[in-house]
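Visitor: I am new to reading protein structures and would love a close look at a single part. Could you pick one spot, walk me through it, and then show me how the rest fits around it?

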Amino acid sequence: MHGRPRKAPKPEDEAAATAKAQKLRALQTQFFSFHHSKIYTKDAVELSAKLLEINPESYTAWNYRKLAVEHYLSQPDCNPDSVKSVLNDELGVVESALRQNFKSYGAWHHRKWVLSKGHSSIDHELRLLDKFQKADSRNFHAWNYRRFVSELMNRSEKDELKYTEDMIYTNFSNYSAWHNRSVLLSALLEKKAEGFLSKENVLPEEYEFIHQAIFTDPDDQSGWFYHLWLLDQTVTIDYPLLVSTWPAHGSDVFLVGDRCQIGSSSPFTTLFSDSGSFPIVLYFNQPVEGVSSSTVSIECGFNKSKDLLWEPLSVSNSQTAQVWVAHLKFPTSELDSSVEVSVGHTKEIVSRRGFQYNHPSTFSFKVHVQPVERDSSQVSVAENILWREENFNVYGEQAEESIPIVSFDRLCIKNGHESAASNWRIEALAKEIECFRELLLLMDCKIGKLTLARLLTAYDAMLFPFANKLVHSEEVLELYNDLMKLDPTHHRYYKDEYSSVLLQKMTSSKESLLQHCFRYKDSVSSAIGNTICLRLNNLSLSRTRALEKLLWVQMLDLSHNELQSIEGLEAMQLLSCLNLGNNKLRSLTALEPLRKLKSLRVLDISYNQIGDHSIDTTRYLCCSPLSHSVGRELNKDETVINDVTLNYWEAFYVFRDLNLYQLDIVGNTIADEKFKPVLVKIMPTLKRLDGELLD
Amino acid sequence: MDDIPPYPPIDPTTFDLIVIGTGLPESIIAAAASTASKSVLHLDPNPFYGSHFCSIPLADLPSFLSTHSTSPSPPYQQSSDESNEFSVLGLSTRPLYSSIDITRFSPDLLDKNSRKFNLDVAGPRVFFCADKSIELILNTGANQYMEFKSIDATFVGDNKGNFSSVPDSRAAIFKDKSLGLTEKNQLMRFFKLVKGHLAGEQDVKISDEDLQSPFVDFLNKMGLPPKIKSFILYAIAMADYDQEDTGVCRDLLKTKDGIDQLALYNASIGRFQNASGALLYPIYGQGELSQAFCRRAAVKGCIYVLRMSVTALLVDKDSGCYMGIRLASGQDIFSQKLIIDPTFKVTLPSGSSPPLPLPLQGKLPFFSQKDDRGKIARGICLTRTSLKTDMSNFLVVYPPRSLFPEQVTSIRLLQIASNLAVCPPGMFVLYISALCDDEDQGKKLIHAVMTTVLTVPRINSESNAAAQNETAGSSSTGTSDPGEGKPTLLWSALYSQELTLGQVDFICSTPMPDGKLNYDDLVDAADKLFKEIYPEDEFFPQTSSKNPEDDDDGDGSPET
């Protein structure tokens, strides 16, 4: 069934095909005339059977038969026996169609439809399936139907699991069998069936099983897929957890109305705010829904409002997101107050897979408010942020004492409560690592290297709360470097993974992070006040991931990388200056995460490839004027900037909600003379475009 | 053979070819010659087909073995009234079997069922699904007369009675629980290398230098661990002698041949839909095979006369050339060519009555000479339980040194159950064989396997004292305590067989059953012999273009 070369048709075959087509056309014409005049006589129904026997792909004919059956069932003179015989006739037609093409969607669907009428015996179905699965053990239609039948007859998952095992023993290159195994195991684990109480008991055996396949034939993909699933089962913590927050627990937040440095407060925690509110950011380990004022309660002295609005920070418009933000208003008068945030004391925070957040946690911080003394816009307008090397000073050791140690350590939440339960996970990963090191000793194998890299990354992440460092990051980076050379076809994937590990490594410790922290010019006169600039430039990053420890960053330099997407950046709610210059961003839609950054004032996207391609091809989903969500938002402003929406809807969509003072866009295809006025029109707040002061 | 009914004289009296003995090579040649439109007379002194390749009832086995273990039958009485045209040379048989040791531990049970046994005299022997013999059977249509069943599995045995299954395919390697992960990887990679080499892939070519080197060296070079090497050498390539001891090894396998063996094994797996493993065995025993070719020959006009002994050769007085034979019935039959099995020998006329034709004098010593190619020790054992609880038909290989340090050849054991119609229901036949230099060594090899896998009951001293002495003397049987869970031996026959090759001389002779596991060498020998005597003719010309794959070893084919 698989791997058979296609033969060129011989002349006599072609003649036969022509004859067949002629016959088929005649049949079809007659069939349609019956169908259109709703004739369901015996002859008419038989004609459709004949048609389907030749061409099982005729969906209309299948639907016609369904109508014919319904028609028959609605007759007053039909009795249970005749119903049964009519349905059996249908099964017969399906069977002969499947003999013609056992991968006919229409035929399998029709069979399901007939069976779900509930009048036919199911026992025959498994026998039929055995025949089909013997003929082609990888026929996924048969496997799908098998799941349907076994559910219908309440066949136990354990029996089915045994069946997958038998099929795998016959030939382990069977994606369908491995897949069904993962489906069945998930179901058994969820039910906590006997012998399947916990992953801890089930997964080691499965690992043992899949090793046999992987070691026997590392070139076979099917086993690797299953291994990836097992790895996911091992690494993924089902329950949502809070990974980090801003403000961090125990921190002091200095809220200033103007941008002058205030005393010796920590740059990690001082925030300029001209809107009279500051964000509270919750960063979970996976996308969750249900974060609201009823699931997150805030105790503070200055804001008694109960209905704080929590907003999901997700690019798509779904109500599920990994990062959530709420804006807490603070009074304009001088204030020192503590805030306590409690997350998850009611059970409504739920992961995408339906697991509840069940580790209620509380964090508190102190807020110090300095009242606004001047009109903030006066100061900021004049300031031109230049991302030149000479404008940055190493935020070196002389300044280190000014950073409260605690502030870094508390950027991330330690989830001690999970550690005891995770021992088996760590053990399982350690065992896998050993196993794949062994495989790589035997042979050079790309997927083996990739798996080892994944394993080491997961292992480091799991051990991080205990080891406080990523022990294997150097090795992982080396592996990805190797893979990029070995397997150029998947270079971009490896690059993304590489970037992610590199970012994790840099943010994993205070020492490594400080190497990338700089102070912008002489900060006293600076418009950005006390802010440290985190410079992650020239690292050939292609993705922005692992941002959970960077929630405090207000000035970020990501220039001279290879970014094609900035997904995830929306989590950095405090960002006010961002440099994305000299990257590989190809469209304005790739900038969509910026829409969520309400504090962003200075943006550099110069020297990218924006305009080369109208949509962000690195993502599957993109917004377009046709998509429902965008359209709705546009409608409101339609009358305002009609001409803009027509030609520059992406620009309008991305920039409309931003309050930028300064934008650098030079060096992109899109940035021609026609475009600049559009930008000015979209962003009335803009004061400086490509270094030029606007009126 | 006293009750031979009188035969009508054979007519015609002149043939292109006379074949004496219905062993496999003789039957193949008879069929090939008949197919090539030769007139053929095929004779056998026995009342059954197969000669030394026969499958016979239990009760007949002892007499068959002993008939061929004693010295010549009474020499032909030369009569004085010979015609002047030819000399008559008496023909007798020489012993083929020696050191026969038949022991019964359960008398009554076996007597009742004696006729239900079809015991192979030259066992163990099987087919590889893709070997030349199967090809020949399919090509000649001999498969119409027989049915096959698959041998379930191949194992490697050790001296503790354990069997390790031979991971002979991708699925088997995956499933095997005794192999470590590294071993699985190494073995599969080796298989892939061989497969790639055979498919002619450039990047996986095995160098000529490697191909000419000993296979065992190549396996070492590939870094395969001893266990896997042993699997490949002895259970897949079926090497007979210890490949790692050049001192004792008489058939050092070259990489090229080893790879061909692997290819054969690989091609055998999955060739027929109904056959799960690589090996096949004919229902009713291997005697069916000779019979199938005889039937095939008969269809093409070959004349068969069983129970007919040949007493003498007729040779031209002047030239010493072969002319014909004299039957036990007294009739003289003439032919151009003669093929006999090599157990026959010409008895030199005692005295000087008719002087031997000169040209023949020089040849006779050679013709009656016994070649020294060693022997093969064979054993047949009967049990009532299978050696493996979940399986009935399987092969076990004991590689050299696996049972005791001095074991230089591999020993093969084939268990066949009643579903192959070789024994009554509920019983199992074990065929064991090993190459050896002499009877004692052979007996030791067979005994070593028997004591490893079977419980050998204490022999009733009255019944067979002689046998007991021999048993006790040649092996360390001792007293096997029952209750070890090993099957109990009911009956056993141990014997040694001479190994003789066929010869092409003024008379051609076919080879005797060899020490191989399959029939390919015998088929080759028959092919070669046929080409010697009929260089003009084709050995079974390809008749139709039918696809052999369609001729499954299925259930539908007619059975004799």
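Guide: Happy to! Let's begin with A:Ala248, which sits in the loop between strand 1 and strand 2 (252-256) of chain A. Please keep in mind that this is a predicted model. Is A:Ala248 buried or exposed? Its relative accessibility is 5%, and because buried means under 20%, A:Ala248 counts as buried. Now look along the chain from there: A:Lys366 is 118 residues apart from A:Ala248, and yet the C-alpha atoms of the two are separated by 9.9 Å.

Just before strand 1 you can find another loop residue. A:Leu241 has its place in the loop between helix 11 and strand 1 (242-246) of chain A. With a relative accessibility of 5%, A:Leu241 counts as buried. Which residue can we pair with A:Leu241 across 43 positions of the chain? The partner is A:Phe284, and the C-alpha atoms of the pair are separated by 5.5 Å.

A third loop residue is worth a stop. A:Ser314 lies in the loop between strand 6 (310-312) and strand 7 (321-329) of chain A. A:Ser314 counts as buried too, at 9% relative accessibility. What does A:Ser314 touch, once residues up to four places away in sequence are set aside? The answer is A:Thr320, A:Ala321 and A:Lys596.

Let's step back to see the chain that holds these three loops. Chain A has 695 residues, and buried ones make up 53% of them. Its secondary structure comes to 23 helices and 19 strands. Take the contacts in chain A between residues at least 6 apart in sequence: 68% of these join residues at least 24 apart. Chain B can be described in the same way. Of its 560 residues, 56% count as buried, and its secondary structure has 16 helices and 23 strands. For chain B, 75% of the contacts between residues at least 6 apart in sequence join residues at least 24 apart.

Next, a pair of helices in chain A. Two packed helices are described by the angle between their axes and the distance between the axes. Helix 3 (residues 59-73) of chain A packs against helix 5 (residues 105-116) of chain A at an angle of about 15°, and their axes are 9 Å apart. Because angles under 35 degrees count as roughly parallel, helix 3 of chain A is roughly parallel to helix 5 of chain A. Their crossing is right-handed. Which residues make the contact? From helix 3 of chain A come A:Tyr59, A:Trp62, A:Arg65, A:Lys66, A:Val69 and A:Glu70. Helix 5 of chain A brings A:Tyr105, A:Gly106, A:Ala107, A:His109, A:His110 and A:Trp113. Sorted by character, the residues of this contact divide into 6 nonpolar, 3 polar and 3 charged.

Charged side chains lead us to salt bridges. How many are found over all chains? A search of the whole structure gives 45. One of them joins A:Glu206 to A:Arg181, with the closest N and O atoms 2.8 Å apart. This pair links distant parts of the chain, 25 residues apart: A:Glu206 is in helix 10 (residues 199-216) of chain A and A:Arg181 in helix 9 (residues 175-191) of chain A. A:Glu206 counts as buried at 5% relative accessibility, and A:Arg181 counts as buried at 3%.

Another salt bridge takes us from chain A to chain B. The side chains of B:Arg170 and A:Asp220 meet at 3.1 Å, N to O. B:Arg170 lies in helix 5 (residues 170-175) of chain B, while A:Asp220 lies in the loop between helix 10 and helix 11 (221-235) of chain A, so the pair joins two chains. A:Asp220 is buried, with a relative accessible area of 14%, whereas B:Arg170 counts as partly exposed at 22% relative accessibility.

Our last salt bridge stays within chain B, where the side chains of B:Asp260 and B:Lys256 meet at 3.7 Å, N to O. Being 4 residues apart in helix 10 (residues 255-268) of chain B, they are separated by about one helical turn. Both count as partly exposed, B:Asp260 at 38% relative accessibility and B:Lys256 at 41%. Finally, return to A:Asp220 and B:Arg170: salt bridges that share partners join them with A:Asp217, A:Asp219 and B:Lys192 into one network.

Conventions
Residues numbered from 1 in each chain as written. Chains lettered and ligands numbered in written order. Predicted model: local features only at pLDDT ≥ 70, side-chain atom pairs only at ≥ 80, totals over all residues. Heavy atoms only, no water. Axes fitted to C-alpha atoms, helices over the stretch in contact; angles between N-to-C directions. Parallel < 35°, antiparallel > 145°, perpendicular 65-115°, else oblique. Left-handed = near helix turned anticlockwise from the far one by under 90°. Contact = heavy atoms within 4.5 Å. Nonpolar A, V, L, I, M, F, W, Y, C, P; charged D, E, K, R; others polar. Salt bridge = Lys/Arg side-chain N within 4 Å of Asp/Glu carboxyl O. Buried < 20%, exposed > 50% of the residue type's maximum accessible area, 1.4 Å probe, protein only.
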